[in-house]
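Q: Please take a close look at one part of this model, the packing of its helices. Add whatever backbone details help to place that part.

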Amino acid sequence: MIKKMAYGLLALLILGTGLVLVSYSNFSEERLTAIKTGSKILDTAAGPMEYQQIGNNGPVLLFLHGTPGGYDQAVPFEGMRVLAPSRPGYLRTPLDTGRTPQEQADAYAALMDSLGIDQVIVVGASGGGPSAIAFAVRHPDRTVALIALEAVSQTISLEDLEIEMPFFMSSDFYMWATLTFMGLEGIVELVVPNPKNQRLLLNDPVKLGMMESLMWSSWPMSLRGLGDANDLTQFADIDLNASAISAPTLIIHGTEDINVEYTQSVTLAQQIPGAILHTVDGADHMMPYSHSEEMMAAIEEFLTGLGALR
């Protein structure tokens with residue numbers, strides 16, 4: 001009897017494992033196809049660069065994704081045309097297209113040249129901050145404005161950054177399994193420390209959906225690992241000469257951010273002449289989702305004041 005039960009359990013285990021592997025295989029095929037078909041690649045003067053454009057009208061917003069990420073981390077912005085490249089080392093943009101923030105900034109300018117775009121509002125989110133700042137420094141005539149969202153702008157120790165990397169992102173399969181079987185509620189509780197901020201996400205289906213898209217924009221890590229590793233190396237020794245920026249600048253950051261400390265933006269605001277620092281009290285690194293209304297209102301007010309939005 002015991003032997004029969006053992007065989008039965010073994011059969012169930014094998015069946016369950018098979019179903020999981022089939023499910024993962026199907027997901028991988030569909031997701032990888034979607035990633036490849038959702039973007040284009042241009043051979044620019046700086047090298048190949050993958051990008052996506054969202055919207056057809058209005059001023060161009062150059063969105064530079066975080067760490068890790070890719071072109072698929074971008075979202076629409078009403079009244080604007082969003083240009084979203086995969087930064088070097090992410091997805092189908094080779095790392096050789098630009099390793100340092102300065103090289104990456106020049107690569108964005110080369111992409112703009114290839115697309116016939118003269119000027120942009122450059123937005124650097126989190127790990128996209130250094131190259132956004134470098135773009136504003138190196139290409140002032142092409143920068144309408146700079147917006148830094150909880151952006152890396154000062155040196156961060158390599159050890160601190162590695163500690164903050166979520167454990168479930170250690171492999172493509174592990175990440176898929178965690179996001180699939182733990183569920184969004186579990187993920188929110190894992191990555192959002194403050195229960196109040198957790199409720200802001202969990203009680204709003206739209207915000208929760210946006211955060212779900214963010215989480216999946218880090219999969220697969222195998223196609224984003226070179227960029228992620230390069231970012232960590234670059235962040236450990238940052239010298240951006242931000243005081244040379246002449247473009248109007250808006251900096252938005254939450255006071256409870258443990259991934260990129262709020263003090264980074266305080267320092268950045270002191271470095272850039274005339275910069276506006278918008279502080280979101282109590283917000284953490286999920287600020288663009290938990291506090292999306294306040295963030296978007298600040299951006300719209302800023303751009304409207306510049307005459308960039310009608």
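A: The answer begins with confidence, goes through the helix contacts, and ends with the backbone of some loops.

The model is predicted: local features need pLDDT of at least 70, side-chain atom pairs count only at pLDDT 80 or more, and totals for chains, interfaces and linings use all residues. Residues are numbered from 1 along each chain as its sequence is written, and side-chain values use heavy atoms, without hydrogens and water.

The chain has a mean pLDDT (the predictor's confidence in each residue, from 0 to 100) of 90, and 89% of its residues reach 70 or more. Residues 4-12 have pLDDT below 50, and beyond near neighbours in sequence this stretch has zero contacts (heavy atoms within 4.5 Å) in the model. Where pLDDT is low, the predicted coordinates should not be read in detail.

Helix 7 (residues 205-216) packs against helix 5 (residues 172-191) at an angle of about 135°, with their axes 11 Å apart; helices here are DSSP runs of H or I with at least four residues, strands are runs of E with at least two, and both are numbered from the N terminus. Axes are fitted to C-alpha atoms, for helices over the stretch in contact, and angles run from 0 to 180 degrees between N-to-C directions. Helix 5 is therefore oblique to helix 7, the class left over after roughly parallel (under 35 degrees), roughly antiparallel (over 145) and roughly perpendicular (65 to 115). The crossing of helix 5 and helix 7 is right-handed, that is, the near helix is turned clockwise from the far one by less than a right angle.

On the helix 5 side, the contact is made by Met175, Trp176, Leu179, Thr180, Leu184, Ile187, Val188 and Val191. Helix 7 contributes Leu208, Met211, Glu212, Met215 and Trp216. By class, this contact has 11 nonpolar, one polar and one charged residues; Ala, Val, Leu, Ile, Met, Phe, Trp, Tyr, Cys and Pro count as nonpolar, Asp, Glu, Lys and Arg as charged, and the others, Gly among them, as polar.

Within helix 5, phenylalanine 173 and tryptophan 176 are three residues apart, so about one helical turn separates them.

Helix 7 also packs against helix 6 (residues 195-202), at an angle of about 100° and with axes 6 Å apart. Helix 6 is therefore roughly perpendicular to helix 7. Leu200, Leu201 and Leu202 of helix 6 meet Lys207, Leu208 and Met211 of helix 7, a contact of five nonpolar, no polar and one charged residues.

Earlier in the chain, the axes of helix 2 (residues 101-115) and helix 3 (residues 129-138) come within 8 Å and cross at roughly 70°. That makes helix 2 roughly perpendicular to helix 3, and their crossing is right-handed. Helix 2 takes part through Pro101, Gln102, Gln104, Ala105, Asp106, Tyr108, Ala109 and Met112, and helix 3 through Pro130, Ser131, Ala134, Phe135 and Arg138. These residues divide into eight nonpolar, three polar and two charged.

Some loops have backbone details to note. Most residues other than glycine have a negative phi, and most peptide bonds are trans. The bond from tryptophan 219 to proline 220 is cis, with omega near -5°, and proline 220 lies in the loop between helix 7 and helix 8 (225-235). Threonine 67 to proline 68 is also a cis peptide bond, with omega near -10°; proline 68 is in the loop between strand 3 (60-64) and strand 4 (81-85). Glutamate 150, although not a glycine, has a positive phi of about 40°, and sits in the loop between strand 6 (143-149) and helix 4 (158-164).
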